[in-house]
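Here are some notes to read alongside the structure, written as numbered points. Please keep the sequence and the model open while you go through them.

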Amino acid sequence: EIFKPFHAKVAVVPPSNDDDDYDVPRQFRRLGLIASEPVSKADQTIAAIPFYDSDGSGLALAPHLATKVVYKDVLPEGYDGWTGDIGLLAMLLLNEMARLHVDAATGDASPKGVSDLPRRKPPVQSLMNAYVAALPSHREMSELHPLLWNEEEQEILQSSSTKKIYRLLDDVDDDAAWLEETLWNADRRTFPETVSLRIRSPDGTDDDDDDDWIEERPCFSPEGFRYAVALVRSRSFFVDGSLRLLPFLDFANHGDFDSYEISGGGIGTLWGSAKGAFLKSGKALNVGEEVEISYGPKGPAEYLLDHGFVPGMCRHSRRGGSAITAELTFEVDDGDRFRDDKLDVLEYETYDLAPMDPSQSFDVVGGVGSTGAPDPAMIQFLRLVKLGGRDAFLLESIFRKEVWGFMSEPVSEENERDVVMGVIDACEKALEDMEGEDASDGNLSQNAKLCAMVRESERQALERTLIYMKQESEALDLKEYYQERRLKSLGLDSEWSREDDDVGWGGTRVPGGADYDW
């Protein structure tokens with residue numbers, strides 16, 4: 001019924017009872033989408049949602065709707081929290097929950113939040129209400145998502161990955177503390193700490209409320225904000241230049257193979273909106289077969305921190321190495337005597353309209369098919385970070401427009417050695433910091449097993465990169481460095497001899513043989 005207004009070829013159903021069909025355990029799949037009509041070929045659009053970016057009158061939610069529509073009168077101009085667009089979407093989601101608030105005693109509607117924004121037509125608002133009520137409860141998300149795990153399990157994950165969950169938690173908690181102090185506590189009538197939602201029984205009807213129940217959810221509070229951030233991280237997609245929540249399309253579960261990411265583009269005039277999001281099938285489907293999408297090219301830790309599970313492509317190196325990743329972070333040292341010059345290069349002379357921060361994180365890749373070769377962008381950044389000594393002349397103002405380009409190739413043997421050793425040290429430290437039991441240990445909890453899967457995958461990536469960089473350290477004398485390249489470009493890379501004294505000036509150089517007309 002939900003998808004009828006969209007002329008879509010999908011329907012919402014609970015997941016299959018057969019766990020063997022999926023890499024993702026059943027408890028992590030929840031609702032899903034199936035084909036309600038035959039899908040004849042791959043790459044066929046089977047559902048679409050318009051954006052309505054100007055006023056948010058559709059279902060899709062985008063970050064700018066928080067600052068320019070819903071919270072425009074309460075958020076300070078230029079608000080930019082630590083959680084960025086994810087935090088803004090979380091605030092929009094909390095507002096949608098508050099609009100659904102009912103009196104817990106009577107069950108009568110008692111909207112809270114900014115209850116009249118965004119303005120939607122009644123049928124569209126009904127669809128949004130159905131979507132919000134169908135989202136996982138806080139109790140469910142406490143089992144499904146790392147941001148809501150207990151402290152012991154979060155500590156295990158912290159020591160299992162190079163992508164640190166504590167950094168995410170700090171960002172979420174800092175934003176929540178500011179919002180609570182500045183906005184929520186000032187108007188608890190509009191921004192309640194908890195809300196009560198009427199949850200309709202799957203077997204009930206619009207005229208039968210006997211099987212419905214009232215569910216309390218945290219809302220405008222630190223706990224509610226973390227809950228909303230977890231929902232957004234697990235359900236949002238980057239489409240058409242923006243992170244977005246796409247209600248009902250996000251019910252589609254992940255599939256490692258024969259699946260596409262949700263895409264955006266023009267959708268014609270059917271919806272009254274020029275742009276929207278498309279859900280496409282990666283293969284032909286019969287009626288009743290599940291529609292799966294790709295949640296994107298992420299590593300194991302990203303999948304766990306975003307979606308609460310680790311797909312098979314990130315766990316099994318035999319399926320390819322592109323999804324077996326770990327993260328290394330490097331930065332310009334505060335004590336670097338050339339720090340100001342390097343920051344100037346990073347801010348103004350790297351990429352057009354995209355200044356780089358002095359701290360950068362990069363993925364390293366492992367698994368079958370991976371050579372362990374690091375990201376060229378990481379090596380380029382590290383060459384600048386390690387630049388010093390006799391190579392520091394490249395930071396002079398005369399080279400300022402060119403120095404970033406110079407870093408794309410080896411600078412000197414000393415600089416290259418520092419770069420290689422920097423990567424080796426980072427890999428070894430990351431491996432030393434990883435602690436925990438093997439995933440095959442039958443005594444581990446489900447969440448501890450997920451942490452172990454992440455740990456084992458990242459170890460593969462770090463160990464493969466470590467092997468590659470140690471091989472690089474033994475071949476530094478075989479590389480061509482800046483001075484050699486510069487001399488070659490000037491034609492000065494060979495020794496002069498009397499037998500070969502033509503240097504291209506149109507004459508022969510003979511000592512004392514110049515014939516000048518003074």
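1. In which loop is E77 found? Please bear in mind that the model is predicted; in it, E77 lies in the loop that runs between α1 (64-70) and α2 (84-99).

2. Is E77 buried or exposed? Its relative accessibility is 84%, and because a residue counts as exposed when this value is over 50%, E77 belongs in the exposed class. If you look for T67 as well, you will see that E77 and T67 are separated by 10 residues in sequence, while their C-alpha atoms are 8.0 Å apart in space.

3. The helix α2, which follows the loop of E77, also meets helix α3 (residues 122-134), and the axes of the two come within 10 Å and cross at roughly 105 degrees. Angles of 65 to 115 degrees count as roughly perpendicular, and therefore α2 and α3 are described as roughly perpendicular to each other.

4. Which residues make this contact? On the side of α2 they are E96, M97 and R99, and on the side of α3 they are Q125, M128 and V132. Sorted by class, the contact between α2 and α3 consists of 3 nonpolar, 1 polar and 2 charged residues.

5. Turning to the strands, β3 (residues 44-50) is mostly covered, with 6 of its 7 residues buried. Strand β3 pairs with strand β10 (residues 275-281) in the antiparallel sense, over 6 bridges, and for Q44 the bridge partner in β10 is S281.

Terms used
Residues are numbered from 1 along each chain as its sequence is written. This is a predicted model: local features need pLDDT of at least 70, side-chain atom pairs count only at pLDDT 80 or more; totals for chains, interfaces and linings use all residues. Side-chain values use heavy atoms; hydrogens and water are left out. Helices (H or I, at least four residues) and strands (E, at least two) are DSSP runs, numbered from the N terminus. Buried means under 20% relative accessible area, exposed over 50%, partly exposed in between (1.4 Å probe, protein chains only). Axes are lines fitted to C-alpha atoms, for helices over the stretch in contact, and angles run from 0 to 180 degrees between N-to-C directions. Angles under 35 degrees count as roughly parallel, over 145 as roughly antiparallel, 65 to 115 as roughly perpendicular and the rest as oblique. Contact means heavy atoms within 4.5 Å. Ala, Val, Leu, Ile, Met, Phe, Trp, Tyr, Cys and Pro count as nonpolar, Asp, Glu, Lys and Arg as charged, and the others, Gly among them, as polar. Two strands pair if DSSP finds at least two bridges between them.
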